[in-house]
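Subject: Structure handover

Hello,

I am passing on the structure we spoke about. Please look through it first; my notes follow below.

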Amino acid sequence: MTRLFRLLFICCSFCLLSKGCKKDIISYSTVGIKLTHNDNAGAYLVTAGTSVGDSAYVLRINYVSDLTGFYAVDNNNTYAGLNVPVSVEIFSLQNFDSLHPAGVSLNEYFIAGPGIGSSVNDVVAEFPDTRDYYPTHDPDDLWLMKGPQTPGAYKFVVKMVFDDARILTDTTTSINLLQ
């Protein structure tokens, strides 16, 4: 039994001294998006109810991923994202204002959250294709900076095109935007 422990100790020591053993990494691909409404009127961002002030509206993009394979890499024990978006488009299914009838891009009215950037395109620019400690991309929050011309019920659609030719879309449930 002692001999077995010595052999195990020698193998582990060799592994550590040779800059670590290689571990398998699980890769993933983003295969879907799910949109939710959020409210930033308080101290913290919270899930919105059926109504929210237009100046407090945040559209959250949650990402759905599929595990796709194993690759030998370093000892960080992380997950590798295999695809990244090349474009993102937001529009409403209702007329938003005189310049933005239903189906016309609202990208200019949203930003990618405070401290991240000044436009929706920053979601694309900042989307990490680097290893992460969880097999999906973190959600992105898009903050509405200009409300609709008329308060009322709105549904938003997000369309994302990825570098592997995937086109992902989702539509929100109806939300009452108040002024």
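A contact here means heavy atoms within 4.5 Å. Among contacts between residues at least 6 apart in sequence, 71% join residues at least 24 apart. Please keep in mind that this is a predicted model.

Overall picture

The protein has two helices and 13 strands. Of its 179 residues, 38% count as buried. The exposed area is about 10,400 Å², and carbon and sulfur atoms supply 57% of that area.

The nonpolar core

Which residues have the most contacts inside the largest nonpolar core? They are Phe110 and Phe156, in a core of 30 residues. The elements that give two or more residues to this core are strand E1 (23-39), strand E4 (57-73), E6, strand E9 (140-144), E11 and E13. As general background, nonpolar side chains in soluble globular proteins tend to be buried together.

The sheet around E11

One open sheet has three strands in the order E6-E11-E12, and the pairing is antiparallel. Its edge strands are E6 (85-92) and E12 (167-171), each of which pairs on one side only. From one strand to the next, the twist averages 15°.

E11 covers residues 156-162, and five of its seven residues are buried. On one side, seven bridges join E11 to E6, and the two strands run antiparallel. Within that pairing, glutamate 89 has lysine 159 in E11 as its bridge partner.

E11 also pairs with E12, in the antiparallel sense, over five bridges. Two positions help to locate this pairing in the viewer: valine 158 stands opposite aspartate 170 in E12, and methionine 160 has leucine 168 in E12 as its bridge partner. E11 and E12 form a hairpin with four residues between them. In the turn, alanine 165 has a positive phi of about 75°.

The sheet around E13

Another open sheet is formed by three strands in the order E3-E13-E10, and here the pairing is mixed. The edge strands are E3 (51-53) and E10 (152-154), each pairing on one side only. The twist in this sheet averages 40° from one strand to the next.

E13 spans residues 175-178, and three bridges join E10 to E13 in an antiparallel arrangement. Glycine 152 has leucine 177 in E13 as its bridge partner. E13 is also among the elements that give two or more residues to the largest nonpolar core.

Asparagine 38

One residue deserves a separate note. Asparagine 38 lies in strand E1. Is asparagine 38 buried or exposed? Buried means under 20% relative accessible area. Asparagine 38 has a relative accessible area of 5%, so it counts as buried. Leaving aside residues up to four places away in sequence, asparagine 38 touches Leu45, Val46, Thr47, Ala48, Val52, Ala56, Tyr57, Val58 and Arg60.

If you have little time, start with E11: this strand is mostly covered, and it pairs with E6 over seven bridges and with E12 over five.

Regards

Notes
Residues are numbered from 1 along each chain as its sequence is written. This is a predicted model: local features need pLDDT of at least 70, side-chain atom pairs count only at pLDDT 80 or more; totals for chains, interfaces and linings use all residues. Side-chain values use heavy atoms; hydrogens and water are left out. Two strands pair if DSSP finds at least two bridges between them. Axes are lines fitted to C-alpha atoms, for helices over the stretch in contact, and angles run from 0 to 180 degrees between N-to-C directions. Buried means under 20% relative accessible area, exposed over 50%, partly exposed in between (1.4 Å probe, protein chains only). Accessible areas come from the Shrake-Rupley method with a 1.4 Å probe; for residues, only the protein chains shown count as cover. A nonpolar core is a set of buried Ala, Val, Leu, Ile, Met, Phe, Trp, Tyr and Cys residues joined through side-chain atoms within 4.5 Å.
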